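Biologist: I'm new to this one, and I'd like to know what stands behind each label you use. Could you show it to me first?

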Amino acid sequence: SEFGDEPMKADEDAAYIEAVESEYERGIESKRALAMTMLSQNRLHEILIEEIAERVLMKVRSAFTDVEEEYDDCSLSEALGDKDNWWGFRRPSWPDNCSVAISPGRTSYGDVYFGVRAPDPLNKSVEKGDSCASRQTIHEAVKAVEGGSSTAWWPWWKWTEPISWNAESLASLLLESPTGLVVDHPRIQDLIDRMLALTNAVDEVLVSE
């Protein structure tokens, strides 16, 4: 069977499917409630993603009160729906084109990765106005954070877990969360902790420049 655009994973999702089917058979009110949930799926999906963005910012601002979102007009849910876009945050004292960010490698919330975005001025594929003057210094500093890879645009990046942030993936995280909040799932907690570690690494080296 399929749910949304992807086939359901029988072993993992059988219990959820059975619970929904059981609820559906209970009567007209259950049918209406499930129909309303289906109609609201896109909005509920956005809410879960924005809860993650808010928790990331809360955690980072507990260490750096002046951290601000890189772009006022692009939320995390909007960025993840658009390939090669990104949602990031930075301190005002950081150089231009430097942020800690989350980005999709595919449109529709797929191949999501996170890290430090600081395009390399020495790379020919990076346009001059898009580069970060402190790229090399940042590149060396973030090596201390375990698990990252590097590209011309990202001196440190790593796939998120799960790698897809579509509605079904986030619903599974919500169901598995020990508190019923998506931000309290261990995988999201690990993401938040790593983003804070990257922020610390970047800021420490920039302050000492």
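Modeller: Let's start with a term: a strand here is a DSSP run of E that is at least two residues long, and strands are numbered from the N terminus. What you see is a predicted model.

Biologist: In which strand is the place of valine 116?

Modeller: Valine 116 sits in strand β6.

Biologist: And what makes valine 116 count as buried?

Modeller: Buried means a relative accessible area under 20%. Valine 116 has 0% relative accessibility, so it counts as buried. Setting aside residues up to four places away in sequence, valine 116 touches Ser99, Val100, Ile138, Val142, Trp153, Trp154, Pro155, Trp156, Leu198 and Val202. With tryptophan 154, the C-alpha atoms are separated by 5.7 Å, although the two are 38 residues apart along the chain.

Biologist: How many helices and strands does the protein have?

Modeller: There are seven helices and seven strands. Along the sequence, they come in the pattern β-β-α-α-α-β-α-β-β-β-α-β-α-α. Buried residues account for 42% of the 209 residues. If you take the contacts between residues at least 6 apart in sequence, 55% of them join residues at least 24 apart.

Biologist: Back to strands. Is arginine 106 buried or partly exposed, and how do you know?

Modeller: Partly exposed is the range between the 20% and 50% cut-offs. Arginine 106 has 43% relative accessibility, so it counts as partly exposed. This residue is in strand β5. Leaving out residues up to four places away in sequence, arginine 106 touches Leu80, Lys83 and Asp111. Arginine 106 and lysine 83 are 23 residues apart in sequence, with 4.8 Å between their C-alpha atoms.

Biologist: What about the loop between β5 and β6?

Modeller: Serine 108 lies there, and tyrosine 109 does too. Serine 108 has a positive phi of about 70° although it is not a glycine. Tyrosine 109 likewise has a positive phi of about 70° without being a glycine. By its 47% relative accessibility, serine 108 is partly exposed.

Biologist: And what kind of peptide bond runs from glutamate 161 to proline 162?

Modeller: That bond is cis, with omega near 0°. Proline 162 is in the loop between β7 and α6 (167–176).

Biologist: On to helices. Why do you say that the buried residues of α5 line one face of the helix?

Modeller: In α5 (residues 135–142), the buried residues are Arg135, Ile138, His139, Ala141 and Val142. Looking down the axis of α5, they fall within an arc of 165°, so they line one face of the helix. As background, an α-helix has 3.6 residues a turn, so residues three or four places apart point the same way. The cover over the buried residues of α5 includes β6 (110–117), β7 (156–159) and α7 (186–208).

Biologist: Why are α5 and α7 called oblique to each other?

Modeller: Their axes are 9 Å apart, and the helices pack at about 130°. Over 145 degrees would be roughly antiparallel, while 65 to 115 would be roughly perpendicular. About 130° falls in neither range, and α5 and α7 are therefore oblique. The crossing is right-handed. Thr137, Ile138, Ala141 and Val142 of α5 make the contact with Leu198, Ala201, Val202, Val205 and Leu206 of α7.

Biologist: What makes α3 and α7 oblique, then?

Modeller: Roughly parallel needs an angle under 35 degrees, and roughly perpendicular starts at 65. Helix α3 (residues 41–61) packs against α7 at about 40°, with the axes 10 Å apart. α3 and α7 are therefore oblique as well. α3 passes α7 in a right-handed crossing. On the α3 side are Ile52, Arg55, Val56, Lys59 and Val60, and among the α7 residues they meet are Ile188, Leu191, Ile192, Met195 and Thr199.

Biologist: Last topic, cysteines. How many disulfides does a search of the whole structure find?

Modeller: Zero.

Biologist: How do you know that the sulfur of cysteine 98 is too far from the closest cysteine sulfur for a bond?

Modeller: A disulfide needs two cysteine sulfur atoms within 2.5 Å. For cysteine 98, the closest cysteine sulfur belongs to cysteine 132 and is 4.7 Å away, so it is too far for a bond. Cysteine 98 is buried, since its relative accessible area is 0%. Cysteine 74, at 13% relative accessibility, counts as buried too.

Technical notes. Residues are numbered from 1 along each chain as its sequence is written. This is a predicted model: local features need pLDDT of at least 70, side-chain atom pairs count only at pLDDT 80 or more; totals for chains, interfaces and linings use all residues. Side-chain values use heavy atoms; hydrogens and water are left out. Buried means under 20% relative accessible area, exposed over 50%, partly exposed in between (1.4 Å probe, protein chains only). Helices (H or I, at least four residues) and strands (E, at least two) are DSSP runs, numbered from the N terminus. The arc is that of the directions from the helix axis to the C-beta atoms. Contact means heavy atoms within 4.5 Å. Axes are lines fitted to C-alpha atoms, for helices over the stretch in contact, and angles run from 0 to 180 degrees between N-to-C directions. A crossing is left-handed if the near helix is turned anticlockwise from the far one by less than a right angle, and right-handed if clockwise.
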